[in-house]
Amino acid sequence: MATITIQKNEFEQFVPVATTPANQTSVFNSVSKGFGNAFDTLCNTILGLDYDSLPDAVKTVCKRYVSISAFINAFRQLDVVLTATGFGIVNNQNVAPASKERVDALLTDLWRELDKCEEQLLILLARTEGWSGTRQAKICISNLYWRRSDMEAWLGIANPTRDERLKLRQQVDAVEVKLAEKISWELREKLLVAMRSNSLTELEQQLVDKAMQFISASIKQQLEQAAYLLRKIVDFLNENVGEFQEYKNSQAYEINNNRGYQNAKQDTTYFFK
């Protein structure tokens, strides 16, 4: 079974707030006890591949992810104090602890860093042979609108927190159902497969960009704009239908082009005219 090894200097590079003098190892020793559990969680929820076979760049991000995750898990057990340069961690009860508000703010920042790390890791894994077919890939990239940076770029949410991302997830799911009904579920799945393997064609990338605009307008309740963008997506598909066979062979194509789709016995959904 693969294991991960993280040295004190590496850990402190990934989690600067945990930096202590070279001869003081109590913080590192305390947090490092959680490296194994954090690594197991990483393997089960994101990696899906043998760690030892991964490129060095991916391994480095894995170390950063495990370091931040383990530190978050051990955070409440450590003595966090306010220093002249920010925060510090000591085992000296003569030093006043940082306020709950400051500690909570630091914890929020750590979760943000973990989310950024996860996105960076997923981007690298999508370029790694074999990952796109794993169960983890299908779970981690299950929406077109999956990256936290998408929220910054398309929604204007600077540095979104994990709570903000989770609240938006339900909205994204609902909007992507409407999108899939227009472009076909088959084409949406093809786009997701390509995103998991970093292999979108130029036209597919254009379609994804248009989908991002539509999803963003819908989430922001810009309904007229969203309706317009959805029509433009359909126009784009019809203009390039030869490049999107999944769409061309779908019920969505028949409906969008008013070709009088005929319900069949095996259909799970009937369309009424």
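How much space lies in the largest pocket? The answer is about 550 Å³, and please keep in mind that this is a predicted model. Below you will find that pocket, then the packing of helix 10 (residues 202-219) against helix 8, helix 9 and helix 11, and finally a pair of loop residues with positive phi.

**The largest pocket**

- Rolling a probe the size of a water molecule over the atoms is a way to show where empty space is left.
- In the largest pocket, 25 residues form the lining, and those nearest its centre are Asp115, Glu118, Arg162, Arg165 and Leu166.
- Two or more lining residues come from each of helix 3 (35-47), helix 4 (56-74), helix 5 (100-126), helix 6 (135-140) and helix 8 (162-183).
- Helix 5 gives the largest share of that lining, with six residues.
- By class, the lining of the largest pocket holds ten nonpolar, seven polar and eight charged residues.

**Helix 8 against helix 10**

- To describe two packed helices, one gives the angle between their axes and the distance between the axes.
- For helix 8 and helix 10, the angle is about 125° and the axes are 10 Å apart.
- Angles of 65 to 115 degrees count as roughly perpendicular and those over 145 as roughly antiparallel, so helix 8 and helix 10 are oblique to each other.
- The crossing of helix 8 with helix 10 is right-handed.
- On the helix 8 side, the contact uses Leu168, Gln171, Val172, Val175, Glu176, Lys178 and Leu179, while helix 10 brings Ala211, Phe214, Ile215, Ser218 and Ile219.
- Sorted by class, the residues of this contact are eight nonpolar, two polar and two charged.

**Helix 10 against helix 11**

- Helix 11 spans residues 223-239 and packs on helix 10 at about 165°, with 8 Å between the axes.
- Helix 10 is therefore roughly antiparallel to helix 11.
- Here the two helices cross in a left-handed way.
- From helix 10, the residues in contact are Leu203, Gln206, Leu207, Lys210, Ala211, Gln213, Phe214, Ala217 and Ser218.
- Their partners in helix 11 are Gln225, Ala226, Leu229, Leu230, Ile233, Phe236 and Leu237.
- Eleven nonpolar, four polar and one charged residue make up the contact of helix 10 with helix 11.
- Ala211, Phe214 and Ser218 of helix 10 appear in the contact with helix 8 and also in the one with helix 11.

**Helix 9 against helix 10**

- The axes of helix 9 and helix 10 lie 11 Å apart, at an angle of about 110°.
- Helix 9 is therefore roughly perpendicular to helix 10.
- Leu187, Lys190, Leu191 and Ala194 of helix 9 meet Glu204, Leu207 and Val208 of helix 10.
- This contact of helix 9 with helix 10 has five nonpolar and two charged residues, with no polar ones.
- Leu207 of helix 10 takes part in the contact with helix 9 and in the contact with helix 11.

**Loop residues with positive phi**

- Most residues other than glycine have a negative phi.
- Asn198, which is not a glycine, has a positive phi of about 50°, and Asn198 sits in the loop between helix 9 (185-196) and helix 10.
- Gln221 also has a positive phi, near 60°, and Gln221 is found in the loop between helix 10 and helix 11.

Methods:
Residues are numbered from 1 along each chain as its sequence is written. This is a predicted model: local features need pLDDT of at least 70, side-chain atom pairs count only at pLDDT 80 or more; totals for chains, interfaces and linings use all residues. Side-chain values use heavy atoms; hydrogens and water are left out. On a 1 Å grid over the protein atoms alone, a cavity is a set of points where a 1.4 Å probe fits but cannot get out, and a pocket is an open set with protein on both sides within 12 Å along at least five of seven lines; lining residues have an atom within 4 Å of a point. Grid points are joined across faces, edges and corners, and a volume is the space filled by probe spheres set on the points. Helices (H or I, at least four residues) and strands (E, at least two) are DSSP runs, numbered from the N terminus. Ala, Val, Leu, Ile, Met, Phe, Trp, Tyr, Cys and Pro count as nonpolar, Asp, Glu, Lys and Arg as charged, and the others, Gly among them, as polar. Axes are lines fitted to C-alpha atoms, for helices over the stretch in contact, and angles run from 0 to 180 degrees between N-to-C directions. Angles under 35 degrees count as roughly parallel, over 145 as roughly antiparallel, 65 to 115 as roughly perpendicular and the rest as oblique. A crossing is left-handed if the near helix is turned anticlockwise from the far one by less than a right angle, and right-handed if clockwise. Contact means heavy atoms within 4.5 Å.
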